[in-house]
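Reader: I am new to reading protein models. Could you take me through this one and show how each label is earned?

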Amino acid sequence: MRHIISILIENEAGALSRVAGLFSARGYNIESLTVAPTEDPSLSRMTLVTSGSDEIIEQITKQLNKLIDVVKLIDLAESAHIERELMLVKIKTSHDTREEVKRMVDIFRGKIIDVTANSYVVEMTGQSSKLDAFIHGFEEGSIIEVVRSGPTGISRGEKGLHL
Amino acid sequence: MELSGGHILVQCLKDEGVEFVFGYPGGSVLHIYDAIFHQDEVKHILVRHEQAAAHAADAYARATGKPGVVLVTSGPGATNAVTGIATAYMDSIPMVIISGQVPSPVIGSDAFQEVDTVGITRPCVKHNFLVKDVNDLAETMKKAFYVATTGRPGPVLVDVPKDITDPNIKVPYKYPKKVVMRSYNPVVTGHKGQIKRAVEMLLTAQRPIIYSGGGVILGEGHKELTELTQMLGYPITNTLMGLGGYPATDKQFVGMLGMHGTYEANMAMHESDVILAVGARFDDRVTGKLAEFCPYAKIIHIDVDPASISKTVKVDVPIVGEVKPVLEQMIELIKDSKIKPSKTSLESWWQLIQSWRDVHCLEYDRNSKVIKPQYVVEQLYQVTHGEAYVTSDVGQHQMYAAQYYHFDKPRRWINSGGLGTMGFGLPAAIGVKLAFPEANVACITGEASIQMCIQELSTALQYNAPVKIINLNNRYMGMVRQWQEFSYESRYSQSYMDTIPDFVKLAEAYGHVGMLIEKPEDVRGALEHAFALKDRTVFLDFITDRTENVYPMIEAGKGHHDMKLRVAPGTPVDRELS
Ligand SMILES: Cc1cc2nc3c(=O)[nH]c(=O)nc-3n(C[C@H](O)[C@H](O)[C@H](O)COP(=O)(O)OP(=O)(O)OC[C@H]3O[C@@H](n4cnc5c(N)ncnc54)[C@H](O)[C@@H]3O)c2cc1C
Ligand SMILES: Cc1ncc(C[n+]2csc(CCOP(=O)(O)OP(=O)(O)O)c2C)c(N)n1
Ligand SMILES: [Mg+2]
């Protein structure tokens, strides 16, 4: 099953490599990983998407907790949560296709943030499945480049992951 | 007090109460060595290879319970130490390693003797630090000792760039009394409700067994474990790392379990209905084939490391906590409990165990004309009255040591279980002897293993650390040969050596005493003579039976009840029993 693990970790050089190293050394898979400092610059927030049996996920969370730099973590998939991913897509356009592309972007509530004679750059956030759907809506060859952040997430309700 | 980084490091060691630093100098640690030169409180032990520095410090920690300390230079010094660091890591041994690093401004430029030590050691340390500012040095050292010695212990490395120890840069020094790390809070006491459940399960068991491991030794829980076991009257087995956690000569002890464990220990595990696992990690050498592991048992597991629990075997009552306080709580609950273990079930359980004991799985040919390795270990046990510190290398000799030297006390059996590092034994013996100069220290080894750190004979002489080397010389990498005999139709590929050195001359060349023993009737006398030479290191080269194998054995992929037994002449071994 897919799990989305959200981690508060000391914002120190090497902290990211400890997490990445743990996954490769133990053969766990990482589908995606995002990191950035939080409002407290001494802490980073990391969101990691992985999958595996319940036993493997249990080991992953235990092993992550064992890392000295990890302050706290939760498995967002265990309760109600919100997930978002940011995507930037560069799409080929021509005189004939411009309108159609723009219509698609509007349907998906994206934004066109760069325009040249032959291309658009589209910015879009949403659940990963929505971003997938958007890409699948285009013919092969019409997409020049896709850049995705990987999902980040937060739990619903008042409770938060903090010190 | 204003000090330079080099002096700060040494002062931190003093403030931490460190007796010995095991190390080897080099460019990036010269400032530190200069600071060492200026004092004599912290004694530096110059080894002959950095791997040995780590093993000696590690064994010092295993024998004393205090953290071992290592100091090595950047690049090759650090990489040489890695095997020793990994050895300590796998057996959860508290150790602090200080490694020199190239000066901060040139880090990342492939400078002379630069390696990414923090990166290389990351997977085999509990934690590591790169010091970036001399003002952080003292606090980092305090953190290193704190992390290494608390929770599940382990090695912690502090990488110190040369500019940090610059003698011209002095900063105020104060060793912190205590450090708080918001991201590190090891659990100590166990969950009360879980402990209560565990006690009920234990007291209502029909065929209980206690399975204890290295955690009991590491967590100083042997007294409590012994009290609990004797209160209950249950059988107890130890892992290789747990030997000495319960007195081996006591009648409730059924021997080691696992691959080379006793028939009775493995059968009792297999047939048990409740297992109390204490500070043991269900290693694959212990469980055998997981699908067949203890099919009838409910399992209680006490461990400080939550990640050890249900890692390979799913347990029914997990208790996260230190062995000592948790066992204390259990003892109290058992005393107060109305439920008492059923006498009749326990009696029939012990009868069944006796029938397995009657197999005499450790019997061997005592009339052999060639020296049997088991015989040497038995004689060593007698000559040292079971009181010696015994270190070992890795191979058949290690298993004979574990099977035939009966450890009644913790911290006496010093071996590399998790990583299985050949070369461990001799430097380990030196580390132990330095900690306990009055004690008898024996290193049980093989002719292949001993050659992996043989250079330490020189260290033993320099620091007057007289140890007895018991070389069980079978002219084979016996453990490898045994597997080849069983699994590769005796194709002994690369498991023997044609040119084994003359160990007697070798020992003499290093300034020690060498003895060659070729006949069974000479074994006892040789050992007595060697131990009588109190202040000499003696290399006893025992020429043992080349074909001897370690039994019992659970071969890879088999369950506990599926053991290969020795058929020794004159012993009532019934192979059908399994
Ligand atoms: C050639 C060879 C053959 C071997 N054959 C066997 C064999 O037949 N049988 C055998 O048993 N082993 C054998 N081993 C050793 C095996 O590889 C493992 O090292 C060993 O079984 C692990 O022992 P352990 O379970 O006691 O765990 P350890 O490695 O000692 O781990 C200790 C456990 O206790 C926990 N702990 C630490 N401190 C505390 C505390 N204060 N409170 C609570 N918990 C704590 C830790 O978290 C950990 O889970 C062999 C090794 C070699 C090299
Ligand atoms: C550093 C290292 N390399 C290889 C091995 C694999 N290995 C395990 S036992 C063994 C043979 C040991 O031979 P010896 O020291 O003579 O002991 P014996 O088994 O003969 O008693 C080998 C090569 C190991 N454990 N460690
Ligand atoms: Mg050998």
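Reader: Happy to start small: which residue in β13(B) does Val274(B) stand opposite?

Author: Val274(B) stands opposite Lys298(B). Please keep in mind that this is a predicted model.

Reader: What makes β12 and β13 of chain B a pair?

Author: Two strands pair if there are at least two bridges between them. Strand β12 (residues 274–278) and strand β13 (residues 298–303) of chain B have five bridges, in the parallel sense, so they count as paired.

Reader: Which sheet of chain B do β12 and β13 belong to?

Author: They sit in an open sheet of six strands, in the order β11-β10-β9-β12-β13-β14, with parallel pairing. The twist from one strand to the next averages 15°. Helix α7 (residues 192–203) of chain B packs on this sheet and touches β12, β13 and β14. The direction of α7 makes about 135° with that of β14(B).

Reader: Why are β11 and β14 of chain B called edge strands?

Author: Each of them, β11 (253–256) and β14 (317–320), pairs on one side only. That is what the name refers to.

Reader: How do you know that β19 and β20 of chain B pair as well?

Author: The same test works here. The cut-off is at least two bridges, and β19(B) and strand β20 (residues 538–543) of chain B pair over five bridges in the parallel sense. Val513(B) stands opposite Val538(B) in β20(B). These strands belong to an open sheet of six strands ordered β16-β15-β17-β18-β20-β19 (chain B), where β16 (413–414) and β19 (513–517) are the edge strands.

Reader: What makes an atom a donor of the magnesium ion (ligand 3)?

Author: A donor here is an N, O or S atom within 2.8 Å of the metal. Glu447(B) (OE, listed twice), Asn474(B) (OD1) and Tyr476(B) (O) lie 2.1 to 2.5 Å from the magnesium ion, so they qualify. Along the chain, the donors follow the spacing E-x26-N-x1-Y.

Reader: Why is the site of the magnesium ion (ligand 3) called irregular?

Author: The site has six donor atoms, with angles of 52 to 176° among them. To count as octahedral, six donors need opposite ones over 155 degrees apart and all others between 65 and 115. An angle of 52° falls outside both ranges, so the site is irregular. For comparison, ideal angles for six octahedral donors are 90 or 180 degrees.

Reader: Are Asn474(B) and Tyr476(B) buried or exposed, and how do you know?

Author: Buried means under 20% relative accessible area. Asn474(B) is at 9% and Tyr476(B) is at 15%, so both count as buried.

Reader: Which residues of helix α9 in chain B are buried?

Author: In α9 (residues 222–232), they are His222(B), Glu224(B), Leu225(B), Thr226(B), Leu228(B), Thr229(B) and Leu232(B). An α-helix has 3.6 residues a turn, so residues three or four places apart point the same way. Just after α9(B) comes Gly233(B), with a positive phi near 75°.

Reader: How is chain B divided, and what makes domains 2 and 3 touch?

Author: Chain B has domain 1 (2–172), domain 2 (192–357) and domain 3 (373–543). The C-alpha centres of domain 2 and domain 3 lie 31 Å apart. Contact means heavy atoms within 4.5 Å, and the contact takes 17 residues from domain 2 and 18 residues from domain 3.

Reader: How many helices and strands are there in chain A?

Author: Chain A has four helices and nine strands. Of its 163 residues, 42% are buried.

Definitions and conventions:
Residues are numbered from 1 along each chain as its sequence is written. Chains are lettered from A and ligands numbered from 1 in the order in which they are written. This is a predicted model: local features need pLDDT of at least 70, side-chain atom pairs count only at pLDDT 80 or more; totals for chains, interfaces and linings use all residues. Side-chain values use heavy atoms; hydrogens and water are left out. Helices (H or I, at least four residues) and strands (E, at least two) are DSSP runs, numbered from the N terminus. Axes are lines fitted to C-alpha atoms, for helices over the stretch in contact, and angles run from 0 to 180 degrees between N-to-C directions. Donors are N, O and S atoms within 2.8 Å of the metal (3.2 Å for Na, K and Ca); water is not among the atoms, so sites may look incomplete. Four donors count as tetrahedral if all angles lie between 85 and 135 degrees; four count as square planar and six as octahedral if opposite donors are over 155 degrees apart and all others between 65 and 115; anything else is irregular. Buried means under 20% relative accessible area, exposed over 50%, partly exposed in between (1.4 Å probe, protein chains only). Domain bounds come from an automatic or database domain assignment.
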